[in-house]
Amino acid sequence: MNAEFAEIKKNPLFKKVEPIILNTNIMQISNINNESLIILGVGNDFNYFEAVFNEAKRQRSPVIIYTYGDSTVLQANHWNLLNTYRWYSVSTSPLRLISDIFAILSTFTYEDR
């Protein structure tokens, strides 16, 4: 997701955004808080999917699942987990990811959860 993060950081609205990348250190999951927007990139690796999703859900943070263009990567067990929470979106392309980020950050009120 480095290319996507580079595009996002070009926008002045996101100058202070610092991504937490968990692909090497799951211990950083503790950095998720109730003001986080979680972008969970999934391809063929679902090692952290449930743990990160459950922590975001516990913190009541919005979650974007980014599938890197593969709309079939999510299986029934993933959808079942996602459907236990209402503040998620699934993005299947870079444009949709950026659109979802803008939409969530400009409209999501952290009080109405």
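The following paragraphs describe the packing of a predicted model, beginning with its nonpolar cores. Local features were required to have pLDDT of at least 70 and side-chain atom pairs pLDDT 80 or more, whereas totals for chains, interfaces and linings use all residues. Residues are numbered from 1 along each chain as its sequence is written, and side-chain values rest on heavy atoms, with hydrogens and water left out.

The largest nonpolar core (a set of buried Ala, Val, Leu, Ile, Met, Phe, Trp, Tyr and Cys residues joined through side-chain atoms within 4.5 Å; buried means under 20% relative accessible area, exposed over 50%, partly exposed in between, with a 1.4 Å probe and protein chains only) has 15 residues, of which Val-42, Phe-49, Val-63, Ile-65, Leu-74 and Leu-82 touch the most other members. Two or more residues are given to this core by each of β1 (38–41), α2 (49–59), β2 (63–66) and α3 (76–82), these elements being DSSP runs numbered from the N terminus (helices H or I, at least four residues; strands E, at least two). The largest share, 4 residues, comes from α2. Apart from this core lies another of 7 residues, including Ile-64 and Leu-97.

Ser-91, in strand β3 (residues 88–91), is buried, with a relative accessible area of 0%. Leaving aside neighbours within four places in sequence, Ser-91 is in contact (heavy atoms within 4.5 Å) with residues including Ile-64, Tyr-66 and Asp-100.

In helix α1 (residues 2–10), Glu-4, Phe-5 and Ile-8 are buried. Seen down the helix axis, the buried residues of α1 fall within an arc of 95° (taken from the directions from the axis to the C-beta atoms), so they line one face. These buried residues pack against β1, β2 and α4 (94–107), while the face turned away carries the exposed Asn-2, Ala-3 and Lys-10.
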